[in-house]
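Please work through the following exercises with the sequence and the three-dimensional structure open beside you. Try each task on your own before you read its solution.

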Amino acid sequence: MVSLFRVDFRLLHFQTSQTWPKKLGCTMIIVANDEVVKDSLRMSLMKMSASGGIRLKICSVDEAASYLLADESKNTKIELVVESPKDAYRICEKVTALKELNVALLKGGEGKRMVSPSLSFSPEDEEYLKKMLDRGIKIESYVAPDDKKVSVEKYF
């Protein structure tokens with residue numbers, strides 16, 4: 001069972017590996033990213049930052065979706081972290097039970113529009129977020145567990 005589905009370009013860091021799992025009682029973190037699974041250095045760094053007692057699964061987006069659909073994931077409290085709205089959408093296409101998304105951190109850059117201190121949207125980001133909203137997924141932005149939740153619709 002997914003307790004937190006989060007978009008965070010940093011993927012696994014102190015907040016996602018320590019703060020959120022403790023707050024939510026998660027027993028597993030899934031980092032779903034097609035590039036990280038090809039990068040042994042990034043995988044090693046993420047494994048070092050994982051909290052003791054929390055299982056860590058680093059896999060492709062498709063593998064994450066398959067795992068979430070499998071019976072073995074049903075009784076596990078999971079924090080699911082992806083890097084982009086596109087990856088979140090790819091998972092939501094397959095795992096239709098996911099109805100809430102936390103868009104926490106999207107880095108800025110050329111062609112992106114800064115909408116809040118922690119979010120910069122590219123046209124592609126907006127497209128995928130709107131597609132998920134059209135599917136009935138509630139999408140809110142908040143960085144830390146006690147932050148005020150803001151609907152991303154405010155930023156369109």
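The exercises below concern a predicted model, and each task is followed by a worked solution.

**Exercise 1. The sheet**

Task: Determine in which order the seven strands of the open sheet are arranged, and which strands stand at the edges.

Solution: Begin with the order, which reads 3-2-4-1-5-8-9 across the open sheet, with pairing that is mixed. Next, look at the two ends of this order, where strand 3 and strand 9 each have a single partner strand, so that one side of each is left without a neighbour in the sheet.

**Exercise 2. Strand 5 and its partners**

Task: Describe how strand 5 pairs with strand 1 and with strand 8, and explain why strand 5 is described as largely enclosed.

Solution: Take strand 1 (residues 2–8) to begin with: strand 1 and strand 5 pair in the parallel sense over three bridges, and within this pairing Val7 stands opposite Val103 in strand 5. Then turn to strand 8 (residues 138–141), which runs parallel to strand 5 and is joined to it by three bridges, with Leu101 standing opposite Ile139 in strand 8. For the last part, consider burial: five of the six residues of strand 5 (residues 100–105) are buried, and therefore the strand is largely enclosed by the rest of the structure.

Continuing from strand 8 to strand 9, one finds that these two strands run antiparallel and are joined by two bridges, and that Glu140 stands opposite Ser151 in strand 9.

**Exercise 3. One face of a helix**

Task: List the buried residues of helix 3, decide how they are placed around the helix axis, and name the elements against which they pack.

Solution: The buried residues of helix 3 (residues 61–69) are Val61, Ala64, Ala65, Tyr67 and Leu68. Seen down the axis of helix 3, these buried residues fall within an arc of 165°, so they line one face of the helix. Finally, the elements against which the buried residues of helix 3 pack are strand 1, strand 2 (28–32), strand 3 (55–59), strand 4 (78–82) and helix 4 (85–94). Helix 4 itself lies across strand 1, strand 2, strand 4 and strand 5, and runs at about 145° to strand 1.

**Exercise 4. An aromatic cluster**

Task: Classify the ring pairs that Phe121 forms with Tyr155 and with Phe156, and state whether each of Phe121, Tyr155 and Phe156 is buried or partly exposed.

Solution: A search of the whole structure finds four aromatic pairs. One of them joins Phe121 and Tyr155, whose ring centres are 6.3 Å apart with 75° between the planes, and this pair is edge-to-face. The pair links distant parts of the chain, since Phe121 is in strand 7 (residues 119–121) and Tyr155 is in the segment after strand 9 (150–151), 34 residues apart. For burial, the cut-off is under 20% relative accessible area, so Phe121 at 1% counts as buried, and Tyr155 at 12% counts as buried as well. The rings of Phe121 and Phe156 have their centres 5.9 Å apart and their planes at 35°, so this pair is tilted. Phe156, with a relative accessible area of 35%, is partly exposed. Putting these steps together, Phe121, Tyr155 and Phe156 form one aromatic cluster.

**Exercise 5. A buried aspartate**

Task: Locate Asp125, decide whether Asp125 is buried or exposed, and list its contacts beyond its neighbours within four places in sequence.

Solution: Asp125 is found in helix 5 (residues 123–134). At 6% relative accessibility, Asp125 counts as buried. Leaving aside the neighbours within four places in sequence, Asp125 is in contact with Pro85, Leu106, Lys112 and Ser120.

How values were computed:
Residues numbered from 1 in each chain as written. Predicted model: local features only at pLDDT ≥ 70, side-chain atom pairs only at ≥ 80, totals over all residues. Heavy atoms only, no water. Buried < 20%, exposed > 50% of the residue type's maximum accessible area, 1.4 Å probe, protein only. Helix = DSSP H or I, 4+ residues; strand = E, 2+ residues; numbered from the N terminus. Pairing = 2+ DSSP bridges. Phe/Tyr/Trp six-rings, centres within 6.5 Å; stacked < 30°, edge-to-face > 60°. Contact = heavy atoms within 4.5 Å. Arc of directions from axis to C-beta. Axes fitted to C-alpha atoms, helices over the stretch in contact; angles between N-to-C directions.
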